[in-house]
Amino acid sequence: MSEARLDVVKGKNFSSAQVGALTDLHRHQFFHPLAKGRGIPGKLFLKEALGMNGMEVSLNKLPAGQGVPFYHQHKAHEELYIFLRGSGQFQIDGEVIEVREGTVIRVAPDGARTWRNHSQEDLYYIVIQARAGSMAAGEIDDGVVCPQKVSWPA
């Protein structure tokens, strides 16, 4: 799915990768069936590379003047959009929301969504996708404090 290769480090209970600077996200491409064989630059999915099994995360760079040319929904997944830099507009079910650094938007599976960057600078954002209704515990209820003391190598 992605043109640039990630070096992934895996341990017993983690996986890690250095994806590079946000400004270099254009090196990555996503090949969507609606794009008719053309790669969509600036989209990096992390689920497969990091071996995630409960969510999908993508890092995204939408160039100035560009937009998603279709609406989409999901069958079972909700999405969280976290805007990091730039500005644009996000549309859900016909309602337009102005987005900029610090805007976060949760969209339910049935929400028909699209977005655009109608500014003069690139728009950077993260999308987290997970099955709607799948969180068994709330907020901090899933966390457990470990007994060992924190220590850092010198």
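Trainee: Which runs count as helices and strands, and how many of each are in the protein chain of this predicted model?
Mentor: Helices are DSSP runs of H or I with at least four residues, strands are runs of E with at least two, and both are numbered from the N terminus. On that basis the elements of the protein chain run β-β-β-β-β-α-β-β-β-β-β-β-β. The model is predicted. The count is 1 helix and 12 strands.

Trainee: How much of the protein chain counts as buried?
Mentor: The C-alpha atoms fill a box of roughly 50 × 35 × 30 Å along the principal axes. Among contacts with a separation of 6 or more, 60% are accounted for by residues 24 or more positions apart. Of the 154 residues, the buried share is 31%.

Trainee: Are the planes of the Tyr81 and Trp115 rings stacked or edge-to-face?
Mentor: The rule gives 7 aromatic pairs. In this one the ring centres are 5.1 Å apart and the planes stand at 65°. Planes over 60 degrees apart count as edge-to-face, so the pair of Tyr81 and Trp115 is edge-to-face.

Trainee: How many residues apart in sequence are the parts that this pair ties together?
Mentor: Tyr81 belongs to strand 7, residues 77-85, and Trp115 to strand 11, residues 113-116. Both Tyr81 and Trp115 are buried. Because the two rings sit in those two strands, the parts tied together are 34 residues apart.

Trainee: What is the angle between the planes of Phe83 and Phe90?
Mentor: Phe83 and Phe90 are both buried. Ring pairs link them with Tyr81, Trp115 and Tyr125 into a cluster. Their own pair is edge-to-face, with 6.3 Å centre to centre, and the angle between the planes is 80°.

Trainee: Which strand gives the most to the largest nonpolar core?
Mentor: That core has 13 residues, and those with the most contacts inside it are Tyr81, Phe83, Phe90, Ile105, Trp115 and Tyr125. Two or more residues come from each of strand 7, strand 8, strand 10 (104-107) and strand 12 (123-131). The most, 3 residues, come from strand 12.

Trainee: Which strands stand at the edges of the open sheet of 3 strands?
Mentor: The order in this sheet is 9-8-11, with antiparallel pairing. Two of the strands have a single partner each, so one side of each is left without a neighbour in the sheet. Those at the edges are strand 9 (95-100) and strand 11.

Trainee: Which residue of strand 11 stands opposite Gln91?
Mentor: Strand 8, residues 87-92, pairs with strand 11 in the antiparallel sense over 4 bridges. The residue opposite Gln91 is Thr114.

Trainee: Over which ring does the charged end of Arg85 sit?
Mentor: A charge sits over a ring if CZ of Arg is within 6 Å of the ring centre and within 35 degrees of the ring normal. The charged end of Arg85 is 4.9 Å from the centre of the ring in question, that of Tyr124.

Trainee: Is Leu84 buried, partly exposed or exposed?
Mentor: Leu84 is found in strand 7. Leaving aside neighbours within four places in sequence, Leu84 is in contact with Leu22, Glu101, Tyr124, Tyr125 and Ile126. The relative accessible area of Leu84 is 29%. Buried requires under 20% and exposed over 50%, so Leu84 is partly exposed.

Technical notes: Residues are numbered from 1 along each chain as its sequence is written. This is a predicted model: local features need pLDDT of at least 70, side-chain atom pairs count only at pLDDT 80 or more; totals for chains, interfaces and linings use all residues. Side-chain values use heavy atoms; hydrogens and water are left out. Rings of Phe, Tyr and Trp (its six-membered ring) pair if their centres lie within 6.5 Å; planes under 30 degrees apart count as stacked, over 60 as edge-to-face and the rest as tilted. Buried means under 20% relative accessible area, exposed over 50%, partly exposed in between (1.4 Å probe, protein chains only). Two strands pair if DSSP finds at least two bridges between them. A nonpolar core is a set of buried Ala, Val, Leu, Ile, Met, Phe, Trp, Tyr and Cys residues joined through side-chain atoms within 4.5 Å. Contact means heavy atoms within 4.5 Å.
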